[in-house]
Amino acid sequence: MRRVIAVGVALATCAVLFGGTSAAAADSVQISVSLDGKPVNGNTVTIDPARQTELSIVATNDTSAVVRVRSVRVTGVALALTFFSYDTTMPFDVPAHSKVNRTLVLDFADLGGQAIGLLPTTVEIIGSQRDVLA
């Protein structure tokens, strides 16, 4: 039974990390994310709550309009319930047909002792109207 649960958690992690974004967001902005310099696409990433984690986002705008980002959201899910969610206000603009790189430091100390194992996690950039851009 543990193997079935472990496989389910691993598949859910892959689906969340690599499942893509909504069609509307995919037409406007895409993001690539790395934690402590390691790309998250295709990788299992270990977060150590005892130390700060550097999150880097490269936002690519393929439209002809400026995209305004209000914040960055990192969310972890366990058993279909939000286990943790961090919103960080980080306003920046992504000019038309351009890429912008932003880095922030996250402190996951609150998670120490709360969870061990794989948690499906998403990183999103949020617009000025609180809409998910990518």
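This tour moves through a predicted model, from its sheet to its aromatic rings and then to its salt bridges.

**Stop 1: the three-stranded sheet**

Begin by selecting strands β5, β4 and β7. They form an open sheet of three strands in the order β5-β4-β7, with antiparallel pairing. The edge strands are β5 and β7, each of which pairs on one side only. From one strand to the next, the twist averages 20 degrees.

Strands of a sheet pair through backbone hydrogen bonds, either parallel or antiparallel. Display the backbone for the next step. Between β4 and β5 the antiparallel pairing runs over eleven bridges, and between β4 and β7 it runs over seven bridges.

Now select G76. On one side, G76 stands opposite F84 in β5. In β7, the bridge partner of G76 is T121.

Before leaving the sheet, colour β7 by accessibility. Is β7 largely enclosed by the rest of the structure, or largely open? Five of its seven residues are buried, so β7 is largely enclosed by the rest of the structure.

**Stop 2: the aromatic cluster**

Return to F84 and add the side chains of F83, Y86 and F108. Together, F83, F84, Y86 and F108 form one aromatic cluster. The model contains four aromatic pairs. One of them joins F83 and F84: the ring centres lie 6.5 Å apart and the planes meet at 80 degrees, an edge-to-face arrangement.

How do the two residues of this pair compare in accessibility? F83 is partly exposed, at 31% relative accessibility, whereas F84 is buried, with a relative accessible area of 8%.

Next, centre the view on F84 and F108. Their ring centres are 6.0 Å apart; because planes over 60 degrees apart count as edge-to-face, the angle of 75 degrees makes this pair edge-to-face. The pair links distant parts of the chain, 24 residues apart: F84 is in strand β5 (residues 81–94), and F108 is in the loop between β6 (98–106) and β7 (121–127). F108 is buried, with a relative accessible area of 1%.

**Stop 3: salt bridges between β4 and β5**

Switch the display to charged side chains. The model has five salt bridges. Select D93 and R68, whose side chains meet in a salt bridge with an N to O distance of 2.6 Å. This pair also links distant parts of the chain, with D93 in strand β5 and R68 in strand β4 (residues 67–78), 25 residues apart. R68 is exposed, with a relative accessible area of 52%, and D93 is partly exposed, at 36%.

Then select D87 and R73. These residues form a salt bridge in which the closest N and O atoms are 2.9 Å apart. D87 lies in strand β5 and R73 in strand β4, so the pair ties together parts that are 14 residues apart in sequence.

Is R73 buried or exposed? R73 is buried, with a relative accessible area of 18%, because the cut-off for that class is under 20%. Its partner D87 counts as partly exposed, at 38% relative accessibility.

Extend the selection to E124 and R130. R73, D87, E124 and R130 are linked in a network of salt bridges.

**Stop 4: strands β1, β2 and β3**

Move now to β1 (29–35), β2 (38–39) and β3 (53–61). β1 and β3 pair in the antiparallel sense over seven bridges; to locate this pairing, select I31, which stands opposite A59 in β3. β1 and β2 are also antiparallel, pairing over two bridges. Here S34 has P39 in β2 as its bridge partner.

The hairpin of β1 and β2 has two residues between the strands, and within it D36 takes a positive phi near 50 degrees. Keep D36 selected and add R51. The two form a salt bridge, with the closest N and O atoms 3.1 Å apart. R51 lies in the loop between β2 and β3, and D36 in the loop between β1 and β2, so the pair ties together parts that are 15 residues apart in sequence.

Finally, compare the accessibility of these two residues. R51 is partly exposed, with a relative accessible area of 43%, and D36 is partly exposed, with a relative accessible area of 32%.

Note on methods:
Residues are numbered from 1 along each chain as its sequence is written. This is a predicted model: local features need pLDDT of at least 70, side-chain atom pairs count only at pLDDT 80 or more; totals for chains, interfaces and linings use all residues. Side-chain values use heavy atoms; hydrogens and water are left out. Rings of Phe, Tyr and Trp (its six-membered ring) pair if their centres lie within 6.5 Å; planes under 30 degrees apart count as stacked, over 60 as edge-to-face and the rest as tilted. Buried means under 20% relative accessible area, exposed over 50%, partly exposed in between (1.4 Å probe, protein chains only). Helices (H or I, at least four residues) and strands (E, at least two) are DSSP runs, numbered from the N terminus. A salt bridge is a side-chain nitrogen of Lys or Arg within 4 Å of a carboxyl oxygen of Asp or Glu. Two strands pair if DSSP finds at least two bridges between them. Axes are lines fitted to C-alpha atoms, for helices over the stretch in contact, and angles run from 0 to 180 degrees between N-to-C directions.
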